[in-house]
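Reader: I am new to this structure and would love a close look at one part of it. Please choose a hairpin and its surroundings, and walk me through them slowly.

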Amino acid sequence: MTIQEGLPFPEDAAQAGAQESRARAAKHSRRNTFRSWDPPQEAMGKVPREWRIQAGIVQHIPDDLAPFVEWFHNQPEARERFRWALRDSLDELLDGQRTGRWAYQHLTKTEKTYLGTAVEVNLTKDFDIDNGSDLDWSIAGLDIDCKFSKDLGGWEIPMEMYLCPDHGERSGRANHAAVLTWMNDDTGQWAAGIVRITDEHLRWKQERDANGERIRAYNRDNKRKLFHGAKSEVYWLWGGLQTDLPTNLLLHLDPKARERILTASLPRRASSGQQRLNQLFREIEVQDRIVGRQTVLTVGQQDDSPKRARDARIHLRPEGIVVLGHQGSHPHVARALELPVPVKGEWISTHLVPVSSDDARPKFSLDGQFWARASENERLNPEPHPAPDLNEKREIDRQGLS
């Protein structure tokens, strides 16, 4: 066997293992260093007056768009899957575990540009959408493209999506349809619509050329935005404006609460992931709300952040706070307390107090003692009552669930 000169060649497996190890690189890497970010000073996107839409819109389905509309309506839980695909796309770019970012405005310019691609990729995977002949998607056997914009009405349409005699070989083979997607993490709003792209539905400049002909309003990439009047041509899925984009918990927290979480244990130079997650579940504003995996990863900024979330149970139990997960007795306790029930990758914390059997609050019993969620006053002025040990493997008295 001939060994190419100039290339290092390991003499044994141990040396090879050392060369492949991440340890030397990680020793100097800045990627996993805890970072904090300032609150955004500008809005995520714009909603021009001409593109404002309402919720609960009732529209006639255009015949040419009916195959696409019916396809989405026939997909199981399509609306839920769509809104979560939008949420996941933004969270993937924020990459809170490695960057600590919790707002769209923290992204770089390049990453913001990629968000539309991430949305398309995640929708493609979630709905198992086939590739089109001329465009990225084929739905109901017809070509269609997916467009995203953080600005309502800001979708940019390339030449290959519509017929135009002036485009020559770059002209589309037909006036194709497009799925228009939009979300605003600041307001929790999102929308999805379908429209037929035509030359007339796209923007034109106000001035005319030397021959008095209208001039198409291209950007530097030869793309055009929809003309404001084309809003009436859009069929909005699920009735138009949606107001339930899955919540970005850190973004929408009270700024003081968020600062307490992300700077837990300061004035030390840096807080630990465990301390930050303890504070997350300790915050009254966070209690009784589902905390998702992305929030835990962003707050912990460690590879084992989910374990730190589980360990928070041990640290917070003396304060009367329990952190419920998806296993063992925890879902039963959540239901008994009339809390949202966590699924895998979710947690919920609450402050418990011992109560009598005739207390009117939702409650459960363990070892003969009833427990209920603390009132607002009891949370603000807590008495030293450690929470019960709700080990996931421990059986709760089902007779005591009420």
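Author: Here is a walk through one hairpin, the side chains around it and the core regions beyond.

This is a predicted model, in which local features need pLDDT of at least 70 and side-chain atom pairs count only at pLDDT 80 or more, while totals for chains, interfaces and linings use all residues. Residues are numbered from 1 along each chain as its sequence is written, and side-chain values use heavy atoms, with hydrogens and water left out.

Let's start with the hairpin itself. Strand 6 (residues 204-208) and strand 7 (residues 214-216) pair in the antiparallel sense over 2 bridges. Strands here are DSSP runs of E with at least two residues, helices are runs of H or I with at least four, and both are numbered from the N terminus; two strands pair if DSSP finds at least two bridges between them. Between strand 6 and strand 7 there are 5 residues, and Gly212 in that turn has a positive phi of about 80°. Across the hairpin, Trp204 stands opposite Arg216 of strand 7.

Arg216 is a good residue to follow next. Its partner in a salt bridge is Asp199, with the closest N and O atoms 2.9 Å apart; the term means a side-chain nitrogen of Lys or Arg within 4 Å of a carboxyl oxygen of Asp or Glu. This pair links distant parts of the chain, since Arg216 is in strand 7 and Asp199 is in the loop between strand 5 and strand 6, 17 residues apart. Buried means under 20% relative accessible area, exposed over 50%, and partly exposed in between (1.4 Å probe, protein chains only). Arg216 counts as buried because its relative accessibility is 12%, and Asp199 is buried because its value is 12%.

Arg216 also brings us to a histidine. Not counting residues up to four places away in sequence, His167 touches Met159, Tyr162, Arg216 and Tyr218, where contact means heavy atoms within 4.5 Å. His167 sits in the loop between strand 3 (156-157) and strand 4, and with 8% relative accessibility it is buried too. Its side chain makes a polar contact with that of Tyr218 at 2.6 Å. A polar contact is a pair of N or O atoms within 3.5 Å; within protein, one must be able to donate a hydrogen and the other to accept it, and residues adjacent in sequence count only if both atoms are side-chain atoms.

Tyr162, one of the residues that His167 touches, leads us into the interior. A nonpolar core is a set of buried Ala, Val, Leu, Ile, Met, Phe, Trp, Tyr and Cys residues joined through side-chain atoms within 4.5 Å. The largest such core has 34 residues, of which Phe82, Met183 and Ile194 touch the most other members. Helix 4 (78-94) and strand 5 (189-196) are among the elements that give two or more residues to this core, and helix 4 gives the most, with 7 residues. A second, separate core of 22 residues includes Tyr162, along with Trp51, Cys164 and Val234. Cys164 is buried, at 4% relative accessible area. In general, nonpolar side chains tend to be buried together in soluble globular proteins.

To round off, Arg216 and Asp199 form a salt bridge, and the structure has 26 salt bridges by this rule.
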